[in-house]
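Colleague: Could you take me on a close look at the part of this model around the ligand? I would be glad of a short detour to the rest of the chain afterwards.

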Amino acid sequence: MRLDVISIFPEYLAPLDLSLIGKARRDGLLDLHVHDLRDFAHDRHRTVDDSPYGGGAGMVMKAGPWSEAIDHVVTQGASALGEPAAVPTLVVPGPGGEPFTQQIARELADEPWLAFACGRYEGIDERVYEWAGERMPVRVLSLGDYVLNGGEVAVLAMVEAVARLLPGVIGNAESLVEESHEDGLLEYPVYTKPAEWDGRAVPEVLLGGNHRAIAAWRQEQRVQRTAARRPDLLPPAAAAAGLRELEERVATPADAPDLQVLTRACWLPEIARYGMFAVGEEPLEEVRDGIRDWDTRVWRKDGQLVASVRVRRDPDVAGTWQIGRLMVAPYLQGRGLGRELLEYAESLAPEDTDTLWLNTGAKSTENLRMYRKAGYRVRPGEGAFPGTVDLTKRRSSGTVSG
Ligand code: JD8
């Protein structure tokens with residue numbers, strides 16, 4: 001990739017000689033050229049700015065030097081690329097620009113040639129944007145909702161974000177995959193030696209060598225952190241508005257494949273943490289049997305199955321209403337949908353119900369916390385399945401009580 005940067009402070013871009021970007025330049029993966037705008041101002045003082053028409057504070061950058069500088073970059077670059085008609089995508093950082101994101105970094109990384117125009121003062125004469133737009137693609141991008149004194153810092157960040165996506169720049173491209181903003185989730189916490197530091201231990205799961213467990217723990221950390229720190233990154237509607245926004249239906253055998261997927265996604269942490277394999281490896285036939293034997297409700301968002309719960313009269317205990325397989329898609333967890341599902345499942349209980357029953361992993365801390373908060377009590381002894389506990393709550397007619 002060819003990169004050209006125009007600035008009145010070319011030395012500001014010196015950090016791009018360092019580290020991985022510097023190495024990528026030396027390895028020929030990146031062809032970066034920095035140009036001094038003042039080289040295109042021909043008066044004695046190499047003036048690139050003047051007072052703003054209409055008055056006001058500060059100075060505005062003149063169109064002349066900019067158009068000459070951009071012309072020079074295009075001519076020099078096209079000849080270097082051996083494509084006389086080639087033009088770069090011109091990126092002009094500005095506080096009013098389109099927010100720069102990982103998605104835009106990916107788009108720019110697919111370009112063969114980028115040119116960056118670093119403004120200063122109060123900005124660049126607006127006619128330069130129009131002039132350039134008639135000659136090449138122009139993207140006005142903002143680094144973030146705060147004010148800098150010029151475009152150089154933004155260009156440093158954008159060049160690094162783009163260049164590190166180029167093949168060969170980052171040693172193991174694998175590490176690019178699990179990064180924040182790559183898939184809309186923030187990164188998981190990282191640790192290194194010593195295992196004990198300042199009386200603080202590294203999470204046990206990371207020391208166990210069980211890669212499935214580690215992957216599940218890390219995914220869960222990513223979802224929780226994103227929900228806590230950047231809920232804006234999570235799909236809005238289904239998360240915020242709750243079940244109401246989702247299409248609810250009684251499940252049919254046709255839902256079995258999607259239900260199997262959701263079940264495995266929801267049981268992965270259980271499997272990882274406690275080896276609760278049974279449910280996580282339920283064959284499709286058994287999923288269909290479950291749909292036949294339970295009143296199973298499913299909720300879809302844009303066709304994707306994102307939540308489910310099933311209920312039935314306890315076949316062995318009259319008056320007991322069983323609630324099971326309460327599931328919320330991992331990316332929607334942590335937003336109260338589970339509690340809503342539970343309340344909904346309770347509301348389906350027939351009039352003659354006196355006890356609400358459910359079952360969960362004996363060590364499923366989050367589930368146990370939610371059920372206890374909803375008034376359920378853990379029954380003594382092992383639950384209906386190995387490694388589980390049963391929980392019940394008395395239901396007096398019309399109302400639900402502990
Ligand atoms: C380019 C001149 C300074 C901006 C008067 C302060 C980006 N996220 C960002 N914040 N600020 C910039 C940015 C600021 C710039 C220039 C980018 C050129 N300035 C101006 C308008 C108000 N001064 C930016 N990307």
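Modeller: Happy to! A polar contact here is a pair of N or O atoms within 3.5 Å. With that cut-off in mind, and remembering that this is a predicted model, let's begin at G94: one of its backbone N or O atoms lies 3.4 Å from a nitrogen atom of the ligand, so this pair counts as a polar contact. S142 takes part through its side chain, where an N or O atom is 3.3 Å from a nitrogen atom of the ligand. For L143 it is a polar backbone atom that is 3.3 Å from a ligand nitrogen. Looking at the surroundings as a whole, 18 residues lie around the ligand, and those that come nearest are E122, S142, G144, Y146 and L148. S142 therefore appears both in that nearest group and as a side-chain partner of a ligand nitrogen, by the polar-contact cut-off of 3.5 Å.

Now for the detour. D49 lies in strand 3, which covers residues 49-50. D49 is buried, yet it has no salt bridge; R38, the nearest side chain of opposite charge, is 5.3 Å away, and a salt bridge would need a distance within 4 Å. Leaving out residues up to four places away in sequence, D49 touches M59, V60, M61, K62 and Y121.

Finally, the cysteines: C118 is buried, with a relative accessible area of 0%, and C266 is buried too, at 13%. The structure holds 0 disulfides.

Definitions and conventions: Residues are numbered from 1 along each chain as its sequence is written. This is a predicted model: local features need pLDDT of at least 70, side-chain atom pairs count only at pLDDT 80 or more; totals for chains, interfaces and linings use all residues. Side-chain values use heavy atoms; hydrogens and water are left out. Helices (H or I, at least four residues) and strands (E, at least two) are DSSP runs, numbered from the N terminus. Buried means under 20% relative accessible area, exposed over 50%, partly exposed in between (1.4 Å probe, protein chains only). Lys and Arg count as positive and Asp and Glu as negative; His and the chain ends are not counted. Contact means heavy atoms within 4.5 Å. A disulfide is a pair of cysteine sulfur atoms within 2.5 Å. A residue is near a molecule or strand if one of its heavy atoms lies within 4 Å of it. A polar contact is a pair of N or O atoms within 3.5 Å; within protein, one must be able to donate a hydrogen and the other to accept it, and residues adjacent in sequence count only if both atoms are side-chain atoms.
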